[in-house]
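Q: Please take a close look at the salt bridges of this structure. I am new to it and would like one connected account.

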Amino acid sequence: MQETQKKATSSRPKERKALKIKAPEARNWSPGFIVKLILVGLVDALGIYVLVQTFSAKSWVLGGVVAILLIAANYVYFSRRTLAAKYLIPGLVFLLIFQVFVILYTGYIAFTNYGDRHMLTKEAATNSQLVRSSQRVPDSPQYPLKVVSRGGELGFAVVNEDGDVLAGTETEPLEKIDGATVKGTQVEEVPGFEILGMQEVTAQQAEILSLRVPFSDDPADGAIGTQNASTGFVFRSTMSYDKATQTMTDHATGKQYVADDSVGFFVAEDGSTLDTGWRVTVGFDNFKDAFADSRYAQPFLRVLLWTFAFAFLSVFTTFLLGMFLAIVLNREGMRGRKFYRTLMLMPYAFPSFMTAFLFAGMLNPKYGFFNQVLFGGAEIPWLTDPWLARLCVLGVNLWMGFPYMFLICTGALQSISADLNEAAEIDGATGLQRWRFVTLPQLMIQVTPLLISSFAFNFNNFNLIYMLTGGGPRFDDVTVPVGSTDILISMVYQISGMSGEATRNYGLASAMSLLIFIIVGTISLISFKKSNSMKGAQ
């Protein structure tokens, strides 16, 4: 018996040792580990693709950050010492990408002249200018050509002497496209590019005829241009660039242009400049323009005042109506209370941009529902009169916003203890006094943070303004396309040139975006401090 116990005792350490050896293998290759391995592998594949793109574009800082994040993610998810970080790193990565990076990049652009005529680096701008300043080479070969587009940028696809299809854009030299199809001598399909139809070509004829697509990175190799959008010809530059003196010479006129890095242009002695410039740092010039340049300063101050008024009135009116309806429908024993509450949430169920779009149609002065049905065919200028347009913006925002306030007020009211109101009633307080001194203070403690976030949202409520009024009616006394209902964010959109109504000025738009960020952040910080002090006083 004792010998059996000794054998069993002596065999237990070996069994434990065997278990210790086998347990990690079983745990490592469990289904959960395999799923984790696949997911991390997909993240690594995406990260490697981003690294290739950033390094090929010579974005060393961004590439370095991506590499560090990849290494950190692999270490965290394959290490047993970083359990907490496994839950923190996804949120941290999204914070860095969608918040920190966006703010830092916007700040960088705000201190540059990035915009029309300043989209490229100095080297790319120089090459582009050499390609654009070109003439057709006499007796040059002719190439069957199709006008193509990639990422919104026009380009050409041609068939060379060997029957290969070459495609490129003004900033990307021609390269052989594998998988392209040719029928006879005409290009039928170009992978990665969209072939433009006749109607699209006609609409952009001037831009297409002036387009030059280089053969290579060396401007001396010439470029492909067209005179009829169907046949390509070889063009060579009439200008030359001296890198030592940073001088561009136009051989057709004999004029010389010297690179001026303070403005990002090649400038001649008479002050004229070449068409293509490059990005340079301009310091606080964009911020100065926002306040000092009359083109922007005058509408900026008016838009700023309206933005504050719009954000405050939107929060005030939606909260007032939402709170009133929440109090009314919070009465015990009210018949159909669930139905009425559901009905109050219906405007909240529709997409906001669709609601604004529908109201824009109903407020049309000639055939809109309001004028034709409610006002007997009157032509009331709801959206073309400055003050009526502002009232319409506030009214439509009230319709879209009160269900949210109704929802949060209903939840807050249900969390307030009924004993407080009963005690106040016993003390002889009237219904108005109970609401003023009991219900409202308790309600405000709970909803104040949401009111602050609602103010920040309405301060940047681009969808409503863009879909309902487009910022109009436009100011008659300013040169920039800004109107009476524009708020700061829609003004930034107009100045950036994204609407197509103004030249693109991303630097100035970024500077104004930073100002909006500072304004909203400051107001939110002050409001949160006030709400905390109010909570402490309670």
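A: **Salt bridges between distant parts of the chain**

Asp116 counts as partly exposed, because its relative accessibility is 26%, in a model that is predicted. The side chain of Asp116 meets that of Arg504 in a salt bridge, with 2.8 Å from N to O. This pair links distant parts of the chain, since Asp116 sits in the loop between helix H4 (83-110) and helix H5 (122-132), while Arg504 sits in the loop between H18 and H19, 388 residues apart. Arg504, with a relative accessibility of 37%, also counts as partly exposed.

A search of the whole structure finds 9 salt bridges, and two others can be followed in the same way. Asp261 and Lys122 meet through their side chains in a salt bridge of 3.3 Å, N to O. Here, too, distant parts of the chain are linked, with Asp261 in the loop between strand E14 (256-260) and strand E15 (265-267) and Lys122 in helix H5, 139 residues apart. Asp261 counts as partly exposed, at 41% relative accessibility.

The side chains of Arg302 and Asp477 form a further salt bridge, at 3.2 Å from N to O. Arg302 belongs to helix H9 and Asp477 to the loop between helix H17 (462-468) and H18, so this pair ties together parts that are 175 residues apart in sequence. Arg302 is partly exposed, with a relative accessible area of 33%, and Asp477 is partly exposed as well, with 46%.

Conventions
Residues numbered from 1 in each chain as written. Predicted model: local features only at pLDDT ≥ 70, side-chain atom pairs only at ≥ 80, totals over all residues. Heavy atoms only, no water. Salt bridge = Lys/Arg side-chain N within 4 Å of Asp/Glu carboxyl O. Helix = DSSP H or I, 4+ residues; strand = E, 2+ residues; numbered from the N terminus. Buried < 20%, exposed > 50% of the residue type's maximum accessible area, 1.4 Å probe, protein only.
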